[in-house]
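Work through the exercises below with the sequence and the model open. Each task is followed by a stepwise solution.

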Amino acid sequence: MITTVQQHILQQQKNFPDATGTFSWLLSGVTLAAKMIEAKIRSAGLSDILGAYGQTNVQGEQQQKLDVYANRAMEHCLGLRDSVAALVSEEDDEPVVFNRDGETGKYIIVFDPLDGSSNIDVNVNVGTIFSVFRRPQWGDVNTSVLQQGIKQVAAGYVLYGPSTILVYTTGHGVHGFTLDQTIGAFLLSWENMRMPDSGPYYSVNEANLEESAPEYTQFVHDMRAGKIGEKHGSRYIGSLVADFHRTLLKGGIFFYPPTTKVPHGKLRLMYEANPLAFIAEQAGGMATNGVDRILDIKPEAIHQRTPLAIGSKVEVEALRSALAK
């Protein structure tokens with residue numbers, strides 16, 4: 001028996017008598033955009049979609065053509081949903097706010113439309129990350145955007161690779177789906193995914209370790225030597241979604257420490273760290289900035305950066321303890 005992502009969401013809603021189906025309709029916007037992005041990526045070498053767009057985003061990063069396409073696809077597919085009050089994207093300076101009252105526009109969607117897009121020209125995995133918040137009934141929509149990760153009502157990612165995979169949580173377990181090209185639907189592949197308590201891999205850009213605190217370098221040495229569980233091997237793709245997906249399935253740790261070049265960390269709190277932290281915790285893992293739980297951090301800006309260590313409990317707790325010393 002096959003189960004599509006839409007069927008799965010409807011089955012989940014049976015546990016909530018007050019559910020109206022609004023969230024199901026909203027998530028269908030994400031899956032539609034994902035199919036559009038996947039189709040464009042699959043034909044990237046055959047069409048004029050590779051390479052730089054010629055502009056930089058608010059992060060000061062060079063936009064790729066696929067960045068722009070993915071952003072437009074997400075904004076189009078989600079902006080048509082009446083339940084959306086605002087959209088926050090890595091590619092936009094400010095939130096896109098819709099003139100919908102609190103009774104109609106109930107959700108705020110935060111997303112990175114194409115994470116790891118610098119890898120697309122060399123045919124390496126990329127992904128889409130998204131996060132859903134409820135819009136408070138009071139206050140301005142723009143100020144309502146800055147909510148702690150613990151207040152997420154849903155989060156997920158799409159990984160574009162040998163197969164296209166959607167993973168999401170609504171706070172009741174983590175579930176994974178694979179896109180079946182023959183019928184154009186995401187089908188259930190993993191239900192109630194659990195991250196191992198420990199794993200064999202660590203994932204970090206080791207070229208940057210010299211610019212980070214010495215505790216991070218020592219932590220890597222300890223993992224290699226088998227002082228933190230079994231001996232760990234290095235696995236680093238350079239696309240956050242791909243590195244996290246492997247960590248979710250196999251266990252271990254991914255971390256991006258603060259460095260002299262990026263003293264506040266490189267990854268964005270709201271649309272990279274928060275959604276993946278929510279998924280990690282729902283799967284039995286952990287996520288920290290080295291001191292605090294990621295989901296407890298109160299954002300001060302939509303593009304705020306943070307250090308991130310995420311993965312299995314044994315490795316993340318060991319790193320946090322090392323930094324505390």
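**Exercise 1. Which residues are linked with Glu 90 in a network of salt bridges?**

Step 1. Apply the criterion: a side-chain nitrogen of Lys or Arg within 4 Å of a carboxyl oxygen of Asp or Glu. Glu 90, Arg 268 and Glu 272 form the network.
Step 2. Take one pair. Arg 268 and Glu 90 meet at 2.9 Å, N to O.
Step 3. Place the partners. Arg 268 is in strand E14 (residues 267–268) and Glu 90 in the loop between E3 and strand E4 (96–97), so the salt bridge ties together parts 178 residues apart in sequence. Helices (H or I, at least four residues) and strands (E, at least two) are DSSP runs, numbered from the N terminus.
Step 4. Check burial. Both Arg 268 and Glu 90 are buried. Buried means under 20% relative accessible area, exposed over 50%, partly exposed in between (1.4 Å probe, protein chains only).

Before going on, note the ground rules. This is a predicted model, in which local features need pLDDT of at least 70 and side-chain atom pairs count only at pLDDT 80 or more, while totals for chains, interfaces and linings use all residues. Residues are numbered from 1 along each chain as its sequence is written, and side-chain values use heavy atoms, with hydrogens and water left out.

**Exercise 2. Compare two further salt bridges: Arg 246 with Asp 243, and Asp 296 with Arg 293.**

Step 1. Get the distances. For Arg 246 and Asp 243, the closest N and O atoms are 3.1 Å apart. For Asp 296 and Arg 293, the N to O distance is 3.2 Å.
Step 2. Locate Arg 246 and Asp 243. Both sit in helix H6 (residues 240–250), three residues apart, about one turn of the helix. An α-helix has 3.6 residues a turn, so residues three or four places apart point the same way.
Step 3. Add accessibility. Arg 246 is buried at 15%, and Asp 243 is buried at 0%. Asp 296 is partly exposed at 39%, as is Arg 293 at 29%.
Step 4. Set these pairs in context. The whole structure holds eight salt bridges.

**Exercise 3. What surrounds Arg 81, which is buried yet has no salt bridge?**

Step 1. Find Arg 81. Its loop runs between helix H3 (65–79) and strand E3 (84–89).
Step 2. Look for an opposite charge (Lys and Arg count as positive, Asp and Glu as negative; His and the chain ends are not counted). The nearest such side chain, Asp 82, is 8.9 Å away.
Step 3. Look for polar atoms instead. The backbone oxygen of Trp 25 lies 3.1 Å from a polar atom of the Arg 81 side chain.
Step 4. List contacts (heavy atoms within 4.5 Å). Leaving aside neighbours within four places in sequence, Arg 81 is in contact with Trp 25, Leu 26, Ser 28, Gly 29 and Arg 100.

**Exercise 4. Where do the buried residues of H1 fall, seen down its axis?**

Step 1. List them. In H1 (residues 5–13), Val 5, His 8, Ile 9, Gln 12 and Gln 13 are buried.
Step 2. Use the directions from the helix axis to the C-beta atoms. The buried residues of H1 fall within an arc of 140 degrees, so they line one face of the helix.
Step 3. Identify the cover. It includes helix H2 (22–42) and strands E8 (164–169), E9 (174–180) and E10 (185–190).

Key:
A polar contact is a pair of N or O atoms within 3.5 Å; within protein, one must be able to donate a hydrogen and the other to accept it, and residues adjacent in sequence count only if both atoms are side-chain atoms.
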